[in-house]
Amino acid sequence: LRPGTPWEAPNMDLKVLVSTSSFGQVDPRPVQLLEDHGVEYEVNPTGLRLDPVEAVKLLQDFDGLIAGTERLDRGLLSSAPKLKVISRCGIGVDSVDLEAAAELGITVYNTPEAPVDAVAELALATILDLLRHVSRADRGIREGTWYRPMGRLLQGKTVGIIGLGRIGKALSKLLQPFGVRILASDPVQDQEFARDYSVRFTTLEELLKESYVVTLHLPYSREAHHLLDRGHLSQMKPDSILINCSRGGLVDE
C-alpha cells in the first residue's frame, strides 16, 4: 500500500481497518485503491485516535491496519490474531513495537513521501505566523482588543534546521526566496543538496546559538529523547523561535 509500490491483493478475502480518521477525506484515491483491489475495509468508527482498549476490540477480525499515531505495543499486537500487515500513514513508526511485530510475523510499512510537502509548508506557515504575530493579532481582534504588534522579518534571518531529511530539504527549498541563511544539523550530510541550496552543516550547539528560527524535522527514538534539553535550550537566543514539527518527546517542554 505504499505510494509507487506495485501491490496485488492475494487470492483471499482481505479485511483492513483504517484507524486514521482523515484517511480519504481530502482525496478519495486511497479509498478507491482499496475498493479497486476488492479489499474489504472499515474506517475507525470513533473518529478519534484509538485508545488501546478500543484498538484491541476492533482488531480482532482484521488482516491489515492502515494506522495513524495510536500506540501499537506488544500486548495489542499479540491480541490481534489475524493481523499480518500494518501500513503507517506518515513517516514515523515510533508508535509501533517493531520487534514484537517481527516476532509475530506482522509486516510494517510507512509512507515517507506522503506528508513531506504538507509538513514543510506548515513549518513555513508557522515561522511566518510567529514572526509576524498573525494568530496573536487575530485572537486580539476577536476578543475586542485592537493593537498592532511589531513583528519581525524572516528576510535575512538565520534558520536552523535540525534533521535535513525529506522534510528538512523541502523546507530549505521553500525558504530560498526569503534570502535566509540556513544552518543544518544532521548526522547524514548531503553535501550536493547543501551546495545547491546554500545550506551549511554545523554542530547542534552552533546551530542553536546562531539561529533566530530553529525547526525540528527528525524521527523520534529513545536516543533522541529530549534532544533539546535545558542545556541546549539555554544556548538559544532569548528572542528566538523553536518549532517542533516532529515528536513532542524531542524537546524537554
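Two strands count as paired where DSSP finds at least two bridges between them, and with that criterion in hand the tour of this predicted model can begin at strand 7.

**Strand 7 and its first neighbour**

Select residues 181-185, which make up strand 7; four of these five residues are buried, so the strand is largely enclosed by the rest of the structure. Now add residues 158-162, which form strand 6, and follow the five bridges over which strands 6 and 7 pair in the parallel sense. Within this pairing, centre the view on Ile-162 and look across to Ser-185 in strand 7, which stands opposite. To see how the chain passes between the two strands, display helix 7 (residues 166-175) as well: strand 6, helix 7 and strand 7 together make a right-handed β-α-β unit.

**On to strand 8**

Next, select residues 199-201, the residues of strand 8, which runs parallel to strand 7 and is joined to it by three bridges. Here Ile-182 is the residue to pick, since it stands opposite Val-199 in strand 8. Adding helix 8 (residues 191-196) shows a right-handed β-α-β unit that consists of strand 7, helix 8 and strand 8.

**Salt bridges to visit**

The structure holds nine salt bridges, and three of them are worth a stop here.

Stay with strand 7 for one of these, and show the side chains of Arg-181 and Glu-210, which meet in a salt bridge with an N to O distance of 3.6 Å. This pair links distant parts of the chain, with Arg-181 in strand 7 and Glu-210 in helix 9 (residues 204-210), 29 residues apart. Arg-181 is partly exposed, at a relative accessible area of 34%, and Glu-210 is likewise counted as partly exposed, at 32%.

Return then to helix 7 and select Arg-166, which forms a salt bridge with Glu-113, their closest N and O atoms lying 2.9 Å apart. Arg-166 belongs to helix 7, whereas Glu-113 sits in the loop between strand 5 (107-110) and helix 5 (116-132), so that the pair links parts of the chain 53 residues apart. Glu-113 is exposed, with a relative accessible area of 53%, while Arg-166 counts as partly exposed at 43%.

Finally, select Asp-239 and Arg-152, whose salt bridge has its closest N and O atoms 3.6 Å apart. Asp-239 lies in the loop between helix 10 (230-233) and strand 10 (241-244), and Arg-152 in the loop between helix 6 (134-142) and strand 6, 87 residues apart. Asp-239 counts as partly exposed at 39% relative accessibility, as does Arg-152 at 25%.

Methods. Residues numbered from 1 in each chain as written. Predicted model: local features only at pLDDT ≥ 70, side-chain atom pairs only at ≥ 80, totals over all residues. Heavy atoms only, no water. Buried < 20%, exposed > 50% of the residue type's maximum accessible area, 1.4 Å probe, protein only. Helix = DSSP H or I, 4+ residues; strand = E, 2+ residues; numbered from the N terminus. Right-handed = clockwise from strand over helix to strand, strands pointing away. Salt bridge = Lys/Arg side-chain N within 4 Å of Asp/Glu carboxyl O.
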